[in-house]
Amino acid sequence: KDETLPLLFAVKQSNLEKLENLFWDVSTPKTKRYRQFLSHEELNRIISPRDDSIDAISSWLSESGLDVAAACRWTKGKEFLSCTLPSFVAESLLGVSFSLYSHSSSGLTATRACEHYTVPIGVAPHLDFVGGVHRFPHTPRPRQQRNVNAPLGLQTPSSLRTRYNVGSTVAGKSSANIQAVAQFLGQHYGKADLTEFFALFGSGFTHRHDVDRVIGPNTFPAGAEANLDVQYIMSLGANATTWFWSTAEKHAGQEPFLQWMMDVANASSIPQVMSVSYGDEESSLDVAYMQRVNAEFMKQGLRGMSLLFASGDSGANCQSNVLRPLFPSSSPYITAVGGTEGSLASGTEKAAALSSGGFSNVFTQPPYQTAAVEHYLSASSHLPKAAYNRSGRAFPDVAAMAMNYVSVDTLIPQPIDGTSCSAPTFSGIMSLVTDGLLAGGKAPLGFLNPFLYENAEALHDITEQCSGGCDGESSGWCAAAGWDAVTGLGTPNYPELLKAAQSV
């Protein structure tokens with residue numbers, strides 16, 4: 001009862017319809033406003049909550065005895081209010097009882113409530129949700145292999161740069177170009193690991209030797225996920241300014257993805273490309289929560305950020321003969337990156353069985369992908385027998401190699417796989433495309449999907465193998481000509497992507 005709890009109040013924002021219309025205008029090629037992004041201040045003027053919403057929430061908290069000025073912090077746009085308050089005040093405010101929970105395998109702890117919370121009838125219209133009450137922290141981890149598939153060989157920066165036609169001489173040149181990786185739950189990168197990685201695998205191309213900026217904590221020990229992401233985004237997006245965006249792991253504290261969203265919303269400057277390996281089952285999340293997350297994605301797209309998420313490592317994710325989509329992969333407002341595998345000797349790529357994909361049960365299919373998805377569903381000779389929503393947002397959008405990577409962790413080269421490998425790889429290549437645009441005086445691409453679906457020929461189409469499904473490893477979604485629900489539109493072809501970006 002004497003504990004303090006961090007809670008995040010997501011205040012309803014203004015002009016959401018206008019926000020979405022602007023988002024599509026700046027994100028869709030051939031529109032008059034394409035890539036005419038908004039400043040942080042311009043965005044806040046459009047989307048900031050109404051004064052009566054701010055007053056209603058402030059008054060409610062003050063009437064509970066909370067000193068809002070001392071215990072709470074507003075974001076610049078006042079779309080989030082972060083408070084640290086005694087547990088008995090939080091219980092009284094929300095009508096719940098908090099308990100301390102511990103995760104058996106990871107040891108992580110979180111203070112959460114089992115009951116549904118309630119808020120006064122005069123406050124409810126002004127809130128999207130209260131964060132830190134129910135959801136437990138969760139993040140996927142890349143798989144570490146102990147038995148490497150020797151015939152396929154290990155993927156290194158040089159092999160990937162060759163595979164995706166980046167070559168050894170292409171490197172970032174624009175000081176305005178910034179790429180970043182986001183990390184959660186105490187995942188920190190090791191500077192010594194990065195130095196060793198480049199000593200072993202970085203001799204064939206120009207690159208930076210360390211991250212340029214760390215946002216949030218980065219302490220010992222380093223984590224495999226963070227090391228992997230930093231090492232490969234800096235290898236594919238070589239010589240681009242790189243940020244490491246870390247969200248603190250707080251004992252029994254706030255769900256880290258929410259904290260990251262709030263921090264990004266509050267930042268006056270943001271990277272042009274952000275790689276994220278994070279996801280949850282769509283069915284485990286509240287629709288209001290996902291809709292608010294989508295609004296935050298749109299806001300960053302309006303500022304010119306390309307957000308890329310690993311699609312997940314559970315294949316078609318079959319449970320009780322139902323295919324369970326993952327979020328944020330199923331969000332229409334981000335780029336989901338699936339996974340492939342392939343031989344170094346042949347240079348061919350096939351779908352990786354672990355690559356997650358499918359159809360959202362919440363979000364409708366956006367126009368940018370309708371034709372491609374309809375072709376897949378009508379032409380494919382192998383579709384899963386399990387239930388799925390064929391009219392939902394389909395994912396992934398693109399893919400990159402996901403198997404047999406080598407990353408340095410605790411100064412030791414380790415084989416590793418998963419779409420957590422694919423996301424920083426594809427992100428690094430898109431960072432090079434962004435660099436080429438900025439160097440030529442052009443704006444970055446922002447939200448990528450409308451551009452990618454209009455320029456599918458700029459990617460390597462993957463047409464072989466299937467993801468895991470209800471009846472085994474190859475019973476999920478199968479790769480096919482054009483878009484498919486395991487590798488999306490395909491894997492990157494850097495020169496063609498750059499050429500397409502420069503022509504729009």
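Gly95 follows helix 5 in this predicted model, and the phi of Gly95 is positive, near 70°. The helix that precedes this glycine spans residues 87–94 and is mostly covered, with 6 of its 8 residues buried. The buried positions are Ser87, Val89, Ala90, Glu91, Leu93 and Leu94; here, buried denotes under 20% relative accessible area. An α-helix has 3.6 residues a turn, so residues three or four places apart point the same way. The partners of the buried residues in helix 5 are both helical and extended: they pack against helix 3, and also against strand 1, strand 3, strand 4 (98–102) and strand 6.

Several of these partners belong to one sheet. Four strands make up this open sheet, in the order 2-3-1-6, with antiparallel pairing. Strand 2 (72–74) and strand 6 (127–131) each have a single partner strand and stand at the edges, so one side of each is left without a neighbour in the sheet. From one strand to the next, the twist averages 15°.

Within the sheet, strand 1 (residues 4–11) and strand 3 (residues 80–86) run antiparallel and are joined by 7 bridges. Leu7 illustrates this pairing, as its bridge partner in strand 3 is Cys83.

Two helices lie across the strands of the sheet. Helix 3, formed by residues 51–63, lies across strand 1, strand 2, strand 3 and strand 6, and it runs at about 160° to strand 1. Helix 9, formed by residues 256–266, likewise lies across strand 1, strand 2, strand 3 and strand 6; its direction is at about 130° to strand 3. Helix 3 is also one of the elements against which the buried residues of helix 5 pack.

Methods: Residues are numbered from 1 along each chain as its sequence is written. This is a predicted model: local features need pLDDT of at least 70, side-chain atom pairs count only at pLDDT 80 or more; totals for chains, interfaces and linings use all residues. Side-chain values use heavy atoms; hydrogens and water are left out. Two strands pair if DSSP finds at least two bridges between them. Axes are lines fitted to C-alpha atoms, for helices over the stretch in contact, and angles run from 0 to 180 degrees between N-to-C directions. Contact means heavy atoms within 4.5 Å. Buried means under 20% relative accessible area, exposed over 50%, partly exposed in between (1.4 Å probe, protein chains only).
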